[in-house]
Amino acid sequence: MTTQLPSILKWASEDGEFKRQVSSFRNIIKKGSQYPPAANRYHLYVSLACPWAHRTLIVRKLKGLESIIGVSVVHYYMGENGWKFSDPSVTRGATLDTVNGAEYLRELYLKTPEYTGRFTVPVLWDKETSTIVNNESSEIIRMFNSEFDEWSSNPGVTYYPDSLKDQIDEINTWIYDTINNGVYKSGFATTQQAYSKNVNQLFVSLDRVEDILSKNKFLVGNTFTEADIRLFTTIVRFDPVYHTHFKCNQKTISDSYPHILKWARTIYQMPGIAETVDMEHIKKHYYLSHKQINPYQIVPEWNGPDLSLKA
Ligand SMILES: N[C@@H](CCC(=O)N[C@@H](CS)C(=O)NCC(=O)O)C(=O)O
């Protein structure tokens with residue numbers, strides 16, 4: 001049976017498996033390039049709900065780039081026309097688009113008329129050429145990490161050190177496929193087979209992470225790296241959202257993964273991190289926006305097992 005879904009909800013392919021689209025804007029900010037590093041030239045568009053956008057907010061914060069890279073935050077509800085801006089006096093945590101005056105995020109993408117992809121956050125915008133520089137979080141965090149040190153309050157600190165690049169890349173690959181994206185592949189599967197395959201892989205990988213963190217403080221030895229940042233944004237959403245909404249319910253982080261929980265607390269308690277985590281935006285976004293898997297848009301009263309990241 002094929003169900004007719006509006007295009008914004010059509011995320012699964014014929015085999016029932018969710019396929020994440022490959023990001024289209026892939027320019028790199030670099031000295032001497034078309035997009036050189038500069039203060040107050042680039043602007044970041046995010047959703048506080050989105051784990052990919054959350055990575056960029058964390059690196060911006062940790063590198064102390066808030067005063068030279070502005071941020072606009074969309075409303076947590078992603079409706080028929082996609083992400084929308086909102087006055088903070090109406091929607092706590094959201095903002096209007098003070099750079100482009102757009103009502104919807106899609107308007108930024110449509111300034112590139114040939115663009116035919118999805119209208120995703122994060123977006124790194126160039127105010128000088130009025131175009132999207134990059135919409136791939138894994139690349140945006142690398143640029144924030146290394147290209148703006150001239151203005152950074154934390155220059156020289158790197159979350160992708162040369163000596164650990166291979167190990168970070170290796171761990172990022174399987175964590176991306178089976179955990180960061182694995183929760184989506186479980187939750188958006190439209191066949192039992194696709195769901196089962198992905199949810200089983202997800203828990204095999206979480207067990208593997210638990211084992212690593214039982215021996216090391218962080219994913220790559222005792223050094224806090226971008227690999228930790230990239231996983232953290234999925235883990236904070238796990239018990240409150242993915243466990244229930246995406247049917248990733250074999251185990252919870254708080255009850256079954258003591259080392260992952262301890263690691264998540266360590267990161268949450270680092271200066272600046274807690275203020276990037278907005279549980280209201282996170283919960284309301286997922287439960288309200290994905291009508292294909294939660295048609296009555298009921299938002300759970302409780303956050304699930306208490307992650308107690310402050311404890
Ligand atoms: N590859 C992108 C993925 C970003 C992404 O999928 N963002 C989601 C929110 S969590 C989005 O904006 N989706 C809107 C849509 O697909 O219509 C990245 O890592 O930056």
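Is asparagine 40 buried, partly exposed or exposed? Asparagine 40 counts as partly exposed, because its relative accessibility is 46%, between the 20% and 50% cut-offs. Some notes on the rest of this predicted model follow.

1. **Asparagine 40 and its backbone.** This residue sits in the segment before β1. Its phi is near 60°, which is a positive value in a residue other than glycine. Most residues other than glycine have a negative phi, so it's worth a look on screen.

2. **Glutamine 297, another positive phi.** Towards the other end of the helices, glutamine 297 lies in the segment after α10 (279-289). Its phi is near 55°, and glutamine 297 isn't a glycine either. With a relative accessible area of 27%, glutamine 297 is partly exposed.

3. **Two domains.** The domain assignment splits the chain into domain 1 (18-158) and domain 2 (162-270). Their contact takes 15 residues from domain 1 and 17 residues from domain 2. Taken over C-alpha atoms, the centres of the two domains are 24 Å apart.

4. **The C-terminal annotation.** An unreviewed UniProt entry lists residues 161-286 as "domain: GST C-terminal". In the model, that stretch is 71% helix and 0% strand. The C-alpha atoms at its ends are 34 Å apart.

5. **The core.** The largest nonpolar core has 91 residues, and Phe232 and Trp263 have the most contacts inside it. Where does this core lie relative to domain 1 and domain 2? It lies between them, because both domains give residues to it. As a general point, nonpolar side chains tend to be buried together in soluble globular proteins. Phenylalanine 232 shows the picture nicely: beyond its sequence neighbours up to four places away, it touches Ile58, Trp263, Ala264, Ile267, Tyr268, Ile273 and Val277.

6. **Helix α7.** Phenylalanine 232 brings us to α7, which covers residues 226-245. At 1.5 Å a residue, its 20 residues should span 28 Å, and the end C-alpha atoms are 27 Å apart, so the two values agree. Even so, α7 bends by about 80° at phenylalanine 238, and proline 240 follows within four residues. I'd keep both statements side by side when describing this helix. α7 is mostly covered, with 19 of its 20 residues buried. After the helix comes lysine 247, with a positive phi near 55°.

7. **Helix α1.** How many of the 12 residues of α1 are buried? The count is 12 of 12. The buried set takes in charged residues as well as nonpolar ones, including Arg55, Arg60 and Lys61 alongside Leu57, Ile58 and Val59. Ile58 is also one of the contacts of phenylalanine 232. For length, the 12 residues of α1 (residues 51-62) should span 16 Å, and the end C-alpha atoms are 17 Å apart, which agrees. Glycine 64 follows α1, and its phi is positive, near 65°.

8. **The listed binding site.** For "binding site", the unreviewed UniProt entry gives Trp83, Arg118, Phe119, Thr120, Val121, Glu136 and Ser137. Threonine 120 is in the loop between α2 (106-109) and β3 (123-126), and at 26% relative accessibility it counts as partly exposed. Leaving out residues up to four places away in sequence, threonine 120 touches Gln21, Leu105, Tyr109 and Asn135. Glutamate 136 is in the loop between β4 (131-134) and α3 (137-146). Here the relative accessible area is 17%, so glutamate 136 is buried. Its contacts outside four places in sequence are Ser23, Phe25 and Arg26.

9. **A cis peptide bond.** Valine 121, one of the listed binding-site residues, is joined to proline 122 by a cis peptide bond, with omega about 0°. Proline 122 is in the loop between α2 and β3. Most peptide bonds are trans.

10. **Glycine 16.** Which residues does glycine 16 touch, leaving aside its neighbours within four places in sequence? They are Phe188, Ala189, Thr190, Thr191 and Ala194. Glycine 16 is in the segment before β1 (42-46), and at 0% relative accessibility it counts as buried. Its C-alpha atom is separated by 20 Å from that of glycine 117, which is 101 residues away along the chain.

How values were computed. Residues are numbered from 1 along each chain as its sequence is written. This is a predicted model: local features need pLDDT of at least 70, side-chain atom pairs count only at pLDDT 80 or more; totals for chains, interfaces and linings use all residues. Side-chain values use heavy atoms; hydrogens and water are left out. UniProt positions are given in the numbering used here, feature names are shortened, and annotations may be inferred rather than shown by experiment. Helices (H or I, at least four residues) and strands (E, at least two) are DSSP runs, numbered from the N terminus. Buried means under 20% relative accessible area, exposed over 50%, partly exposed in between (1.4 Å probe, protein chains only). Contact means heavy atoms within 4.5 Å. The expected span of a helix is 1.5 Å times one less than its number of residues. The bend at a residue is the angle between axes fitted to the seven residues ending there and the seven starting there. A nonpolar core is a set of buried Ala, Val, Leu, Ile, Met, Phe, Trp, Tyr and Cys residues joined through side-chain atoms within 4.5 Å. Domain bounds come from an automatic or database domain assignment.
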